[in-house]
Amino acid sequence: MNIGRLDTPLAIYRYTETVNTDTGERSKTWAKLLDIWGTYEPTDGGTEGIYADTRENKQIVKFQIRHTDINVRDRIRMDGVDFNIISIMKIERDMYMKIMTQLTE
């Protein structure tokens, strides 16, 4: 892969849980893990179905980034839009990662 193709600014967010020391209340948030450059490739694929009398559409989007320490519990944000990670494939001798995501609702 040509590193010059990594021209889209992305942010990786990790789900975190913190505890308020005064009240003991747990707070669940998404915290920014890192900023990274990658590629954005919308796909023609997606899914549509009716579940519990509600129509659901899921748009699948593919990203490529340089290899880093992320997992499927993380999230990608691009231009203020969040994408949940579905799968991660390491390519080119673990130098890059191909990440399949779906648009969050």
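The following legends describe close-up views of a predicted protein model.

**View 1. The protein is built from strands without helices.** Six strands and zero helices are assigned in the predicted model. Read from the N terminus, the order of elements is β-β-β-β-β-β. The protein has 105 residues, of which 30% are buried. About 7,100 Å² of the protein is exposed, and carbon and sulfur atoms supply 46% of this area. Of the contacts between residues at least 6 apart in sequence, 50% join residues at least 24 apart.

**View 2. Y40 and F63 form a tilted aromatic pair.** The structure contains three aromatic pairs. In the pair of Y40 and F63, the ring centres are 5.8 Å apart and the planes meet at 45°, so the pair is classed as tilted. Y40 belongs to strand 2 (residues 26–51) and F63 to strand 3 (residues 54–66), and the pair thereby links parts of the chain 23 residues apart. The two residues may also be described by their accessibility. Y40 is partly exposed, with a relative accessible area of 35%, whereas F63 is buried, with a value of 0%.

**View 3. F63 and F83 form an edge-to-face aromatic pair.** The centres of these two rings, F63 and F83, lie 5.3 Å from each other, with 70° between the planes. Because F63 lies in strand 3 and F83 in strand 5 (residues 81–91), the pair ties together parts that are 20 residues apart in sequence. F83 has a relative accessibility of 5% and therefore counts as buried. Together, Y40, F63 and F83 make up one aromatic cluster.

**View 4. R75 is a buried arginine in strand 4.** Strand 4 comprises residues 75–78 and includes R75. The relative accessibility of R75 is 14%; R75 counts as buried because this value is under the 20% limit. The side chain of R75 makes a polar contact of 3.2 Å with the side chain of N84. R75 also lies over the face of W30, at 4.0 Å from the ring centre. Leaving aside residues up to four places away in sequence, R75 touches A11, I12, Y13, W30, D82, F83, N84, I85 and T104. One of these residues, F83, is also a member of the aromatic cluster with Y40 and F63.

**View 5. R77 is placed over the ring of Y13.** R77 lies over the face of Y13, at 4.3 Å from the ring centre. Y13 is also among the residues that R75 touches.

Conventions. Residues are numbered from 1 along each chain as its sequence is written. This is a predicted model: local features need pLDDT of at least 70, side-chain atom pairs count only at pLDDT 80 or more; totals for chains, interfaces and linings use all residues. Side-chain values use heavy atoms; hydrogens and water are left out. Helices (H or I, at least four residues) and strands (E, at least two) are DSSP runs, numbered from the N terminus. Buried means under 20% relative accessible area, exposed over 50%, partly exposed in between (1.4 Å probe, protein chains only). Contact means heavy atoms within 4.5 Å. Accessible areas come from the Shrake-Rupley method with a 1.4 Å probe; for residues, only the protein chains shown count as cover. A polar contact is a pair of N or O atoms within 3.5 Å; within protein, one must be able to donate a hydrogen and the other to accept it, and residues adjacent in sequence count only if both atoms are side-chain atoms. Rings of Phe, Tyr and Trp (its six-membered ring) pair if their centres lie within 6.5 Å; planes under 30 degrees apart count as stacked, over 60 as edge-to-face and the rest as tilted. A charge sits over a ring if NZ of Lys or CZ of Arg is within 6 Å of the ring centre and within 35 degrees of the ring normal.
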